[in-house]
Amino acid sequence: MEKRADELVRAAEALYLDGTLFQGENPRSEHVRVPGGMLVFLLVPRYECGYVLQVTYL
């Protein structure tokens, strides 16, 4: 799951190239199904942070 979380962070970096300049509302938490389980994560572009809130193994 750690590898999948790293992929989410890389995708967020591509989406928000400079998060400190982000002017919109922060995205809501999202559920992502990945092989072997599911992740619930939250991105905060202004602080350039991503948080994994829950990991579910299937």
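## A three-stranded sheet with a helix across it

Five bridges join strand 1 to strand 2, and these two strands run antiparallel. They belong to an open sheet of three strands, ordered 1-2-3, with antiparallel pairing. The model you are looking at is predicted, so please read every value below as computed from that prediction. Let's walk through the sheet, the helix that lies across it, and a few residues worth finding on your screen.

**How the sheet is put together**

- As a piece of background, strands of a sheet pair through backbone hydrogen bonds, and the pairing can be parallel or antiparallel.
- In this sheet the order is 1-2-3 and the pairing is antiparallel. Strand 1 (30-34) and strand 3 stand at the edges with a single partner strand each, so one side of each has no neighbour in the sheet.
- From one strand to the next, the twist averages 25°.

**From strand 1 to strand 2**

- Strand 1 and strand 2 form a hairpin, with two residues between them.
- To see how the two strands line up, find Val32, which stands opposite Leu39 in strand 2.
- Which residue in the turn has a positive phi? It is Gly36, with a value of about 95°.

**From strand 2 to strand 3**

- Strand 2 covers residues 37-44, and eight bridges join it to strand 3 in an antiparallel arrangement.
- A pair to look for here is Val44, which stands opposite Cys49 in strand 3.
- Glu48 sits in the loop between strand 2 and strand 3.
- Most residues other than glycine have a negative phi. Glu48 has a phi near 50°, a positive value in a residue other than glycine.
- Is Glu48 buried or exposed? With a relative accessible area of 55%, Glu48 counts as exposed, because the cut-off for that word is over 50%.

**A closer look at strand 3**

- Gly50 lies in strand 3, which spans residues 49-57. Its relative accessible area is 42%, so Gly50 is described as partly exposed.
- Which residues does Gly50 touch, once its neighbours within four places in sequence are left aside? Gly50 is in contact with Leu42 and Leu43.
- Gly50 and Ala5 are 45 residues apart along the chain, and their C-alpha atoms are separated by 9.1 Å.
- Val52 is another residue of strand 3, and Val52 is partly exposed, at 43% relative accessible area.
- Together, Val52, Val55 and Tyr57 make a nonpolar surface patch of about 300 Å².

**The helix and its salt bridge**

- Helix 1 (residues 2-15) lies across strand 1, strand 2 and strand 3. Its direction is at about 35° to that of strand 2.
- How many salt bridges does the structure hold? There is one, and it is formed where the side chains of Glu7 and Arg4 meet, at 3.5 Å from N to O.
- Both partners lie in helix 1: Glu7 and Arg4 are three residues apart, about one turn of the helix.
- Glu7 is partly exposed, with a relative accessible area of 33%, and Arg4 is also partly exposed, with 27%.

Definitions and conventions
Residues are numbered from 1 along each chain as its sequence is written. This is a predicted model: local features need pLDDT of at least 70, side-chain atom pairs count only at pLDDT 80 or more; totals for chains, interfaces and linings use all residues. Side-chain values use heavy atoms; hydrogens and water are left out. Helices (H or I, at least four residues) and strands (E, at least two) are DSSP runs, numbered from the N terminus. Buried means under 20% relative accessible area, exposed over 50%, partly exposed in between (1.4 Å probe, protein chains only). Contact means heavy atoms within 4.5 Å. Two strands pair if DSSP finds at least two bridges between them. Axes are lines fitted to C-alpha atoms, for helices over the stretch in contact, and angles run from 0 to 180 degrees between N-to-C directions. Patches are made of residues with over 30% relative accessible area and no salt bridge: like charges are joined within 9 Å, nonpolar side chains (Val, Leu, Ile, Met, Phe, Trp, Tyr) within 5 Å. Accessible areas come from the Shrake-Rupley method with a 1.4 Å probe; for residues, only the protein chains shown count as cover. A salt bridge is a side-chain nitrogen of Lys or Arg within 4 Å of a carboxyl oxygen of Asp or Glu.
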